[in-house]
Protein chains: 2
Amino acid sequence: MSSSKRSKPQKPGRAASISDVARESGVSIFTVSAVVNNKSHVGKDLRERVENAIRKLNYRPNLIARSLIKQKTQTIGMIVPDIVNPFFPMVVRGAEDAAQKHGYNLLLCNSDDSLAKEETAIELLLSKRVDGILLTKAAGEFSPALHKTIQEVNIPFVLVMRTYPTLTKDAVITDDYQGAYEAVCHLARSGRSRIGLISGPLRISNAKERWRGFRDALEEKKLPYEPELVVEGDYRIESGFRAGHALLSHRPDGIYVANHLMTIGLLQAVEEMGLKCPEDFGLVSFDDYPWLGVFRPRLTTVELPKHQLGSEAAELLIQRIGGNHGKPVLKKLLPELRIRESCGFAQFVSAEHRRAAPSEPSDVSLVNK
Amino acid sequence: MSSSKRSKPQKPGRAASISDVARESGVSIFTVSAVVNNKSHVGKDLRERVENAIRKLNYRPNLIARSLIKQKTQTIGMIVPDIVNPFFPMVVRGAEDAAQKHGYNLLLCNSDDSLAKEETAIELLLSKRVDGILLTKAAGEFSPALHKTIQEVNIPFVLVMRTYPTLTKDAVITDDYQGAYEAVCHLARSGRSRIGLISGPLRISNAKERWRGFRDALEEKKLPYEPELVVEGDYRIESGFRAGHALLSHRPDGIYVANHLMTIGLLQAVEEMGLKCPEDFGLVSFDDYPWLGVFRPRLTTVELPKHQLGSEAAELLIQRIGGNHGKPVLKKLLPELRIRESCGFAQFVSAEHRRAAPSEPSDVSLVNK
DNA sequence: CAGCAGCAGCTAAACGTTTTGAAACACGCC
DNA sequence: GGCGTGTTTCAAAACGTTTAGCTGCTGCTG
């Protein structure tokens, strides 16, 4: 029953390995492996012996060794600017849910929107041989070396929430043009005519799109585009505060803010300046959160499907990992205007304006759910 | 210079391996390894040859193989109930920062406070041979099997934010007893005498501690403990809303809410019932967030050092991984009372009451920074 | 009874690293 | 010339899996 064949005993401090189980149950490694991955080719008696040994030794297959030979780690790398930015937890959660469903795990990195950190993170993930990478690109260009690496390396990338023109990869984003367009149309319909924008950094693709939507809606509504009513922030609270001061000094009667954190900053500026919303100006913010329920006035916002963003990106990535080599896909998720009080009380707003945005490169699909 | 020795050519679709580099530069694998990990023992000429080959082949060491042989993955598993709960992103960020500093990565899992998911996650992390696990325990008991596994397995665990009595492991938590105590004392000092509590699930260690702090502060201030003024929620918005309705119907003149999400729910109930804070009741909430700046009245809260919580936990874990086998440590971080408007305007509050909480088992250290 | 198919189980080679022991060589010292 | 002492390099054994290819065995077919 037991080992007379040349085989080392179990190392002391170490977890049981497959060969320990084999020795314990008097079968070959092959048989243990077959039992673990329950292949059919194992007789009932042996299978039982092996299972007992597994329980006895508390054996747990070493997925590192498995990864090495299978050339798959069942791990996805995910790089976000900052998990503390309330936008991202839900995206990460979406990705994790989808990943989990397919037996993958998430290796999480924060880039702080720094190119250097982004590069380090990508290099590390590649070295760790993740099966794919979900990337919310930091503002700015890849270094040429990294760009080359990414194009050549054999694992799929899916861009999340931000596109990156010179990279022909899949991307899952929200239809920011459309969201901004609707936001501004809503401001216009509620009677505002001098509408300002607090924008994100225009080097970031979605900030640019939101700006485009803003501009086009203005044009559509025959309203003037006044450059001094457009202030560029960096998506953070502090910049919303500063931008708010700058913008409000020109007394716009409507403001569209391109993200939630800057809205928080803006509202602080508003209070300092003793202004009232919606009396003095109408406000539409981007992105919805549970705690907005206690803001007064209740904010009208354009909600982005954050969870879906993450889950669709992960699903797509996993498809690619599975070997679906098709043309790069650009998937745009539809945002949803949620009308509350910050533009004055709910005008009757028809759904009429929900049309697809003039769309971009390659394969564009407009989907929700 | 080149290969006449038996050595396979580079596989087509695959990344270059160390032996490809060795072949390309006409040296042995050993030498390449030495160059990569820049050991000193390599001659200048050879080193250069090898470095060129590395660049040419775009070689990137395979950390999976390295992990297999070194029995270290440089990866930490982190299990939180839900990254979407705004408490956790900052904790995760703290952990990630510390991990990164020491060359570790974070594998993130959500347990949804479900024992089943927690167990699955732990099993998976163990199979993936993470070097250690950061765990915010789900409410409830480990299954006996899992409990045994955790005690026996050779990798360190650090509990984050929640302790678990039958497990002799390290833990990093906030001093919730002290935080609650201070919160209630502040309510008392601002003249409230019928103080209510919206508590977390009392099976969770920190909820219990907060309850104890609440009770003891009441006693200390010679105020009555009225059972109908204590309502147990589940740390989520909805439960705060329901608990708020239940609690407010008894007309307390002070409320301490044990976490942020339940505060959001409570405030919705408050508005529905047409009550005013701080006129009708004083409020102290737990945990501070940037967006609280726009809540009215400005909330007085007990801030928990979330980032530090994560980073200290990770630091401790990494120490353990590094071989520091000492007695289990319980590290308590001090919370900070931030007085704003929700108990009436800033009474003069002395720092006098900042004393250490009567402390618990084993090695307790009280630290901040 | 030869031949064959099918099954259960085995051996051994891979996966890409690190690391141990030893070889090859130069150098200086007696 | 013999011998220690380094230095540089190497070959080969590990790490814990999966899996291709093989070996017997059993029973069926002609």
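**Exercise 1.** How many nonpolar, polar and charged residues does the surface near DNA strand C have?

*Solution.* The model examined here is predicted.
Step 1. Sorted by class, the surface near DNA strand C has 13 nonpolar, nine polar and seven charged residues.
Step 2. Among the 29 residues around DNA strand C, those that come nearest are A:Thr31, B:Lys11, B:Ile18, B:Ser33 and B:Arg66.
Step 3. On the side of DNA strand C, sugar and phosphate make up 67% of the atoms that come within 4 Å of the protein.

**Exercise 2.** Determine which residues of chain B approach phosphate oxygens of DNA strand C, and which elements supply the surface near this strand.

*Solution.*
Step 1. Begin with the backbone: a polar backbone atom of B:Ile18 is 2.7 Å from a phosphate oxygen of DNA strand C.
Step 2. Turn to the side chains. An N or O atom in the side chain of B:Arg66 is 2.5 Å from a phosphate oxygen, and for B:Asn37 the corresponding distance is 3.3 Å.
Step 3. Two or more residues of the surface near DNA strand C come from each of helix 2 (29-36) and helix 4 (63-70) of chain A, and likewise from helix 2 (29-36) and helix 4 of chain B.
Step 4. Helix 4 of chain B gives the most, with four residues.

**Exercise 3.** Describe the extent of the contact between chain B and chain A.

*Solution.*
Step 1. Count the participants: 56 residues of chain B and 56 residues of chain A take part.
Step 2. Consider the area: about 5,000 Å² is buried between the two chains, and carbon and sulfur atoms give 55% of this area.
Step 3. Within chain B, the residues that lose the most area to chain A are B:Arg60, B:Ile64 and B:Arg93, which together account for 14% of what that side buries.

**Exercise 4.** Identify the polar links across this interface and the part that strand 2 plays in it.

*Solution.*
Step 1. The interface of chain B and chain A holds 10 salt bridges, one of which joins A:Asp82 to B:Arg93, with the closest N and O atoms 2.9 Å apart.
Step 2. There are also 22 residue pairs in polar contact across the interface.
Step 3. Strand 2 of chain B gives the most to the side of chain B that touches chain A, with six residues.
Step 4. That side divides into 27 nonpolar, 15 polar and 14 charged residues.
Step 5. Strand 2 (residues 105-110) of chain A pairs with strand 2 of chain B in the antiparallel sense, over three bridges. In this pairing, A:Leu108 stands opposite B:Leu106.

Conventions:
Residues are numbered from 1 along each chain as its sequence is written. Chains are lettered from A and ligands numbered from 1 in the order in which they are written. This is a predicted model: local features need pLDDT of at least 70, side-chain atom pairs count only at pLDDT 80 or more; totals for chains, interfaces and linings use all residues. Side-chain values use heavy atoms; hydrogens and water are left out. Contact means heavy atoms within 4.5 Å. Buried area is the accessible area (1.4 Å probe) that two parts lose on being put together, summed over both. A salt bridge is a side-chain nitrogen of Lys or Arg within 4 Å of a carboxyl oxygen of Asp or Glu. A polar contact is a pair of N or O atoms within 3.5 Å; within protein, one must be able to donate a hydrogen and the other to accept it, and residues adjacent in sequence count only if both atoms are side-chain atoms. Ala, Val, Leu, Ile, Met, Phe, Trp, Tyr, Cys and Pro count as nonpolar, Asp, Glu, Lys and Arg as charged, and the others, Gly among them, as polar. Two strands pair if DSSP finds at least two bridges between them. A residue is near a molecule or strand if one of its heavy atoms lies within 4 Å of it.
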